[in-house]
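Visitor: I would like to go through the aromatic rings here. Could you guide me?

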Amino acid sequence: MATVLIIGAGGVGSVVAHKCAMNSDVFTNIILASRTKAKCDRIAAEIKELHGVTIQTAQVDADVVSETVALIRSCNPKLVINVALPYQDLPIMDACLEAGVHYMDTANYEPKDVAKFEYSWQWAYRERFEQAGLMALLGCGFDPGATQVFTAYANKHYFDRMDYLDIVDCNAGNHGKAFATNFNPEINIREITQPGRYWENGEWVEIPAMSIHKPIEYPEIGPRESYVLYHEELESLVKNFPTLKRARFWMTFGQAYLTHLEVLQNVGMTRIDSVKFQGMDIVPLEFLKAVLPAPDSLGENYTGQTSIGCQIKGIKDGADRTYYIWNNCDHAETYKEVRGQAVSYTTGVPAMIGAMLMLTGVWMKPGVWNCEELDPDPFIEQMNKQGLPVQERVDVPLPHEY
């Protein structure tokens, strides 16, 4: 049906390429590109071995708009799936506008020199994409992405008014490493070391990093200590669902992980400003990334599950209602299917689904959009078909104070 260009060959990019190949009736021609072509070639060989599908590979420096434009024009895709670094969102959006192709990503833009992410930079592209007749879909992973679809689905089918939203994200897996991050270490550590924020009574409340926490019960997993972070989908959700009185994001961390992180912070290894070392400027966090295990290397011996969902309280037919919608994903099973661990899988599969809905016209309209602004039903339907089955509970107690 269409040619697609995937930029980024890390753990998520690998899953996206695998899942596109497994849906070759929609993705009839797949090009996987990265700064390091050898990584793309390795993924292509895996896809050929596991799924019998041949994909093309290419080299590109996505920081350089002209390089990306040249690649787009050479392979003529209908859509670019950006699973590179968040720093590269704007250059790739610029390239898509110049080359005249649709765009999507899984994480919003953040500047390289400030640990801050928000949608304002990408929302500013709305008029240009509309005028070009092109679509840009932002943050179509799991969180952000599926969590926003979950919220829209709840609003459409279960509530007259949503008042409280808690996004809960648990990784109860074990990769056997002393310390490793499940996605890009640089992005992961920047995300959790910045101050936390949540929405309450019409304004943002900022808190010290990791200062609010409590045990939350996760299906098939049990209670896990969960910490309030700021996460990008909150920004668009409170904008698009203005009845929300409070919206928070919770994520689990084990004590060993937190101890390692505290030590790394104390010795300056999480700094994002440059320091002099043997006459050269280096960024400590970038050096740390180089010595930590690569996220796409964790899958083979990973055990346990992830559990990610939305817990919502509001009103239906004049009465209080609670609703919990979630997915559990097994690390070992995802490795068998796509040679990846569940954190990459839960991001990569929704990205493929979003691309599928765009290419088939179900989610296609010019402009810049977040996932909750589109019909959630076909997305949920595809999650159930593509390896991320959705579970739900209505009118059950939730572990939050209202």
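**Aromatic rings**

Guide: At 28% relative accessibility, Trp204 is classed as partly exposed (between 20% and 50% relative accessible area, 1.4 Å probe, protein chains only; under 20% is buried and over 50% exposed). This is a predicted model, in which local features need pLDDT of at least 70, side-chain atom pairs count only at pLDDT 80 or more, and totals for chains, interfaces and linings use all residues. Residues are numbered from 1 along each chain as its sequence is written, and side-chain values use heavy atoms, with hydrogens and water left out.

Visitor: Which charged end sits over the ring of Trp204?

Guide: That of Arg197, 5.0 Å from the ring centre; the criterion is NZ of Lys or CZ of Arg within 6 Å of the ring centre and within 35 degrees of the ring normal. Likewise, the charged end of Lys365 sits over the ring of Trp369, 4.1 Å from its centre.

Visitor: And Trp199, buried or exposed?

Guide: Trp199 counts as buried, because its relative accessibility is 15%.

Visitor: New topic: how many aromatic pairs does the structure hold?

Guide: There are 13 aromatic pairs, that is, rings of Phe, Tyr and Trp (its six-membered ring) with centres within 6.5 Å; planes under 30 degrees apart are stacked, over 60 edge-to-face and the rest tilted. Tyr158 and Tyr323 form a stacked pair, 4.3 Å centre to centre with 25° between the planes.

Visitor: Where do Tyr158 and Tyr323 lie in the chain?

Guide: Tyr158 is in the loop between α7 (146-157) and β7 (161-171), and Tyr323 is in strand β16 (residues 319-330), 165 residues apart. Helices (H or I, at least four residues) and strands (E, at least two) are DSSP runs, numbered from the N terminus. Both Tyr158 and Tyr323 are buried.
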